[in-house]
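Here's a quick tour of a protein model, with three stops along the way. Have the structure open and follow along.

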Amino acid sequence: MKNDLSGKENTVESLKTAFLHNRKYSIAKDIYTATDYDNFQSMAMGIRDRLIEGWIVTQQRYHDENCKRVYYLSLEFLPGRLLANNILNLGLVDESKKAMEELGFNLEDLYEQEIDPALGNGGLGRLAACFLDSMATLGIPATGYGIRYDYGIFDQKIVKGYQVETPDEWLSLGNPWEFERPEFTLKIRFYGKTVKRVDKSGKFHVDWVDTSDVLAMAYDTPIPGYRNAVVNNLRLWSARSTAEFDLDYFHDGDYIKACENKIISENISRVLYPSDNVLKGVELRLKQEYFFTSASMQDIIRRFKMHNEDFRTFPDKVAIQLNDTHPAIAIVELMRILIDEEELGWETAWDITVRTFAYTNHTIMPEALEGWSVPLFGKLLPRHLELIYEINMRFLRGVANRYPHAPEKLRRMSLIEEGPVKKIRMSHLCIVGSHSVNGVSRLHTELLKTTLFKDFSEFFPRKLNVKTNGITQRRWLKKANPPLSELICGAVGDEWATDLARLKKLAPFASDGSFREKWRAVKRENKVRLAGYVKDKTDIIIDPDSVFDVQVKRIHEYKRQVLFALYLISQYIRIKNDPEKDVVPRTAIVGGKAAPGYAMAKLTIKFINNIADVINKDPDVKDKLKVVFLENYCVSLAERIFPASDLSEQISTAGKEASGTGNMKFMLNGAVTIGTWDGANIEIAEEVGPENIFIFGHKAHEIAGMREAGYNPREYILNSPLLEEALRLIQEDFFSQFEPKIFKLIYNSLLWHDPFMVFADFEDYLFTQDRVSKAYLDREEWTKKSIMNTANSGKFSSDRTVREYSEEIWGVECGA
């Protein structure tokens, strides 16, 4: 048989032939010399080759039709391993398994050889990857743009409880999915100065001169849709020097200086999020953002010019989505190109720019919004600073015209934040320079409108809108959880792979005793598999029949890993106070990385690991409670964890989590949520009903009221004996006997400040966790909750989210 996507034979025999051919002629190995990774690459190349023809046909069709395209700009993409996903989307799972079996290999073993691409850190990058998958599956002409990081953020090791960061050398053995495109190498300019001049016709010009230049070279990765013959593109930029090697310095014996320019230039694409604790790190981060946005804008304009001449039609052919503020400079870069290079007037250029760009906000916390120091920005990008001042002047003139006696409003809405060091508010630039600004959950968007961006919401009443995040069910259920996927397909068919709302058909099966038994068997199979992984990695034995209580996400104070830790201490105290009492066994599983410069987050990891060490070694506890911290949380590890989870911890301070997508992945795999009334938890609760979720804690407006009234965390200790005892243990170094006072920072922060209201929610959290334990004892009812979570997850497909973007923001039709 032939596959419409590739035009190649996709029989078992053809896949075997491709594997052997690639191993011999592409890798130059045989059965005796090939490593496990060589065998993975041989299979990956065979699958990649089956994408290429569809890739070329798809891109050619976009050119022939001169259709409007979507460009998704993101500093992060976190695609995860690609071999299994690409095999799934090609519809070659069975053929690939059989081909490898006949050659003496286990396909699952080959999957395990692949290294996760280190192109992102957390939810932002994973959302971008889900969107690319959905855009291809929906047939939307789209390209993702980002940076090809050499080392990603870091590889996390846990050493004596501490996070230790090492380079993530994900490219050390090569990447079979990418294609180097040296013909698409673009010049990126930094520093220099601007020169004003008037030409012979009297036209005013600004030239950006004496710049220091870097090259951006493209690397392309095919992104296939699900069994629909569409293959879109992810283009990542890698930094190169304009002068690889200075021979004069070399001949003079200065070998280091001979390579200095190359090293400095290529640092731009070395790591994701260089530390901003030092000025050089801040400057490098700003360089990264301009580097990839400038390269992307040049590439987009080159493509536009292939078939179009009139720039006034640019927004009819181009839709650019900014994934957070990191690509915000693209707005100014387009203005620079249109005014300085294409010689358009300001009003025309600004109209084109605003109609082209749309901005997704991902945070409600003002301190998390990017603000670049004006002196640094002006040194690095002098022309862009001039344009930002011009944009700001014109915008504030409009604000003043509408609000003639409101100087404070002008100050709040200005693109420039006044202070000892002036800063450029990149979120304000995004709002002013885009035709659409969206939040990522209903609560998040409402808070943007009523708090953070209240002035802008009043000034642009139709600009702010909601697009609740989503996830791709193809990776997070069909690929990550084959046993559950097969059970679901056997019950309701497989249409849910492209229409997740079809899972609603599962709801009646929650009342079917035999189906519930099969559901529990699948869950236990996944838990046994995860327990084996935990034993291999940590030497900790966990009970598959215990509640797998999971919190995996980026480590941050607002996500309240410390609240979970205090709960575990409270359960330890209960067990110690009455060792003979029956309890519902729990296995607490925690994972996540802390930013290298975030001291409190890194200390939280140490705190959890020390708690785990005490609890797991105490003979009184036995199997009643286990605590595991899994190092180096990433997409492939998440694919092991979500299918095995019973309870999903979504316990952020209400009003702080924009949306969350981990909550959706847990839900899709049948985990029950314990969470606050925050982010997408609210919409999950509405979909599953109050009987199938455990909500606790103060709501966002209550949190705000408590802050205004003067929150005193110590008041809550008086009403919580378990909290008081837990704090006493921390203060007395019970969890740090050989490292006295190391948790003083956590203790003092909670006791005197508690900025994320951990104490305020503790007692309700404890009460709700007791409800969870009681509910878990009734296995039949718990299984019903699990099935109903999966059945009602249809809203949270990224297909739905992307379709809303396409129809309501981009103006692009879905073609599949």
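What follows looks at a hairpin, a pocket and a helix in this predicted model.

Let's begin with the hairpin. Strands E6 (residues 193–198) and E7 (residues 204–209) run antiparallel to each other, joined by 6 bridges. If you want one pair to click on, take Lys 196, whose bridge partner in E7 is Val 206. Between the two strands sit 5 residues, and in this hairpin Gly 202 has a positive phi near 90°.

Next up is the second largest pocket, with about 870 Å³ of space. Its lining takes in 31 residues, and those nearest the centre are Val 93, Lys 97, Lys 478, Lys 479 and Pro 482. Helices H3 (83–90), H4 (93–102), H5 (107–113), H19 (473–479), H20 (482–492), H21 (513–538) and H24 (635–644) each give two or more residues to that lining. H20 has the largest share, with 5 residues. By residue class, the lining of the second largest pocket splits like this:

| Class | Lining residues |
|---|---|
| Nonpolar | 11 residues |
| Polar | 4 residues |
| Charged | 16 residues |

Last stop: helix H30 (residues 744–752). Which of its residues are buried? They are Ile 746, Tyr 747, Ser 749, Leu 750 and Leu 751. And what do the buried residues of H30 pack against? The partners are helices H22 (561–577), H23 (599–617), H28 (714–718), H29 (721–731) and H31 (758–777). After H30 comes Asp 754, with a positive phi near 45°.

Conventions:
Residues are numbered from 1 along each chain as its sequence is written. This is a predicted model: local features need pLDDT of at least 70, side-chain atom pairs count only at pLDDT 80 or more; totals for chains, interfaces and linings use all residues. Side-chain values use heavy atoms; hydrogens and water are left out. Two strands pair if DSSP finds at least two bridges between them. Helices (H or I, at least four residues) and strands (E, at least two) are DSSP runs, numbered from the N terminus. On a 1 Å grid over the protein atoms alone, a cavity is a set of points where a 1.4 Å probe fits but cannot get out, and a pocket is an open set with protein on both sides within 12 Å along at least five of seven lines; lining residues have an atom within 4 Å of a point. Grid points are joined across faces, edges and corners, and a volume is the space filled by probe spheres set on the points. Ala, Val, Leu, Ile, Met, Phe, Trp, Tyr, Cys and Pro count as nonpolar, Asp, Glu, Lys and Arg as charged, and the others, Gly among them, as polar. Buried means under 20% relative accessible area, exposed over 50%, partly exposed in between (1.4 Å probe, protein chains only). Contact means heavy atoms within 4.5 Å.
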